[in-house]
Amino acid sequence: MPLLSSSRVRSMSYAIREVVEHARVIERQGHEVIRLNIGDPVVFGFPTPKHVSDAFIKAIREGRSNYTDSEGIPELREAVAHTERRKGVDVSPDDVIATTGVTEGLEMVLAATLDESSEILVPGPAYPAYIEYAKLFGARPVAYRTVEQEGWRPDLDDLRKKVGPSTKSIVVCSPNNPTGAVYSRRDLTEIMDIAGENKIFVMTDEIYDRITYGEEAAGPAALNADVPAVIFNGLSKVYSSPGWRVGYVVFRDPEGIIADIKEGVLKQARARLCANTVAQYGLLAALEGPQDQIPKMCKRLERRRDLAVDMINDIDGLSVVRPSGSFYMFPRIDPALGIDDKQFVLDVLQNCHVLLVHGTGFHETYGKDHFRLVFLAPEETLREAISRIGRFVSGLA
Ligand code: PLP
């Protein structure tokens with residue numbers, strides 16, 4: 001008799017990587033697939049900055065193969081606190097925990113926050129990890145609407161309505177994955193106010209904080225010092241090093257309202273020993289070293305964004321909001337085309353050899369009739385991929 005997995009993991013899903021299984025089938029048939037499904041800057045010509053890789057290599061050569069403190073190396077915790085203070089968030093190194101990427105931070109904070117009866121508010125559509133980890137811990141993720149016609153800004157009335165007695169936290173992700181929205185200071189301030197009025201805290205995923213195409217992205221924690229906030233960030237995107245698996249969590253909580261949750265995260269951090277040691281030195285170098293590669297990266301990405309947006313909006317049956325940050329866009333498939341988003345993605349893969357992610361992978365309701373496209377690829381690749389999609393869509397009409 002085969003042994004079954006736990007019921008806890010049975011319904012777990014992560015569409016961004018699950019679609020790869022379908023792409024592999026096409027690739028095994030000898031076709032090249034243009035993969036626009038994963039937000040990995042390295043594979044699209046944005047290598048890790050040299051000073052960051054040099055720091056990794058130096059740490060290896062210096063024999064830094066030891067475990068570190070579970071919270072991370074003191075120099076990194078100091079540099080993170082300094083970085084956050086520069087952004088207007090008053091924290092000390094004691095508030096910082098180094099993690100195996102934002103993902104581990106999310107997992108540990110959600111595990112420390114949520115009981116079986118708990119609810120957590122996530123954006124709709126959302127980066128799937130918030131939803132999947134919340135469910136893994138038996139809690140209920142509740143999506144607040146974000147409004148496509150208003151540049152995917154959060155619907156604050158909807159958010160307000162959905163805060164209930166079981167709500168523990170509001171998740172904010174700006175710049176957003178999958179929509180590319182950068183939330184205004186006004187909206188972020190109001191989200192902090194809603195959290196404060198309801199005596200809950202805000203979890204703010206800032207992994208795309210410096211990838212913007214206009215105004216800089218504000219973080220909610222800097223806009224209201226009275227409401228507790230947990231900030232997530234790391235090396236993966238802005239510093240092009242997703243494979244090093246390092247990031248951090250910061251607790252901004254001067255009154256100790258979420259001190260017990262922080263202790264719950266520390267317990268888990270001790271149980272998993274520490275984050276990758278040499279990668280922590282890499283992250284330290286990234287935070288302390290030159291930053292001029294970031295605006296250069298954004299300039300290149302902006303051209304790719306504009307090309308992709310303009311081409312998609314020229315296709316009858318598709319439309320897309322121009323993203324203000326991150327490297328994702330979330331085009332809408334006109335329901336009149338008579339194809340649901342999952343089938344659309346499978347058919348585009350089969351017919352065009354282009355890999356996208358279906359919108360319902362980001363939320364059943366709020367992602368419906370959409371797909372996510374990663375616009376990290378060079379212009380000629382995007383041009384080719386979107387032309388093929390355009391030909392496919394015209395065949396549907
Ligand atoms: N948060 C968001 C919003 C993301 O888009 C991603 C990766 O795509 C992550 C977190 C994962 O971050 P990390 O590589 O630091 O685990």
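Which helix gives the most residues to the shell around the ligand? In this predicted model, that element is helix α5, which spans residues 101–113 and supplies three residues to the shell. The ligand is surrounded by 14 residues, and those that come nearest are Thr103, Asn177, Asp205, Tyr208 and Ser236. By character, the shell divides into seven nonpolar, four polar and three charged residues.

Several side chains in the shell place polar atoms at short listed distances from the ligand. For asparagine 177, an N or O atom of the side chain is 2.7 Å from an oxygen atom of the ligand. For arginine 245, the corresponding distance between a side-chain N or O atom and a ligand oxygen atom is 2.8 Å. Aspartate 205 has a polar side-chain atom 2.6 Å from a nitrogen atom of the ligand. On its own, the ligand has 400 Å² of accessible area, and the protein covers 94% of this.

The nonpolar interior was examined next. In soluble globular proteins, nonpolar side chains tend to be buried together. The largest nonpolar core of the model holds 137 residues. Within this core, the members that touch the most others are Leu36, Ile170, Phe344, Leu356 and Leu373. Helix α12, covering residues 293–313, contributes nine residues, the largest share of the core.

The surroundings of leucine 373 illustrate the packing. When neighbours within four places in sequence are left aside, leucine 373 is in contact with Leu36 and Leu356, two residues also listed among the members that touch the most others. Its remaining contacts are Ala308, Ile312, Phe327, Tyr328, Met329, Pro331, Leu382 and Ile386.

Conventions: Residues numbered from 1 in each chain as written. Predicted model: local features only at pLDDT ≥ 70, side-chain atom pairs only at ≥ 80, totals over all residues. Heavy atoms only, no water. Core = buried A, V, L, I, M, F, W, Y, C linked by side-chain atoms within 4.5 Å. Buried < 20%, exposed > 50% of the residue type's maximum accessible area, 1.4 Å probe, protein only. Helix = DSSP H or I, 4+ residues; strand = E, 2+ residues; numbered from the N terminus. Contact = heavy atoms within 4.5 Å. Near = heavy atom within 4 Å. Polar contact = N/O pair within 3.5 Å; in protein donor to acceptor, adjacent residues only side chain to side chain. Areas by Shrake-Rupley, 256 points an atom, 1.4 Å probe, with all protein chains shown as cover. Nonpolar A, V, L, I, M, F, W, Y, C, P; charged D, E, K, R; others polar.
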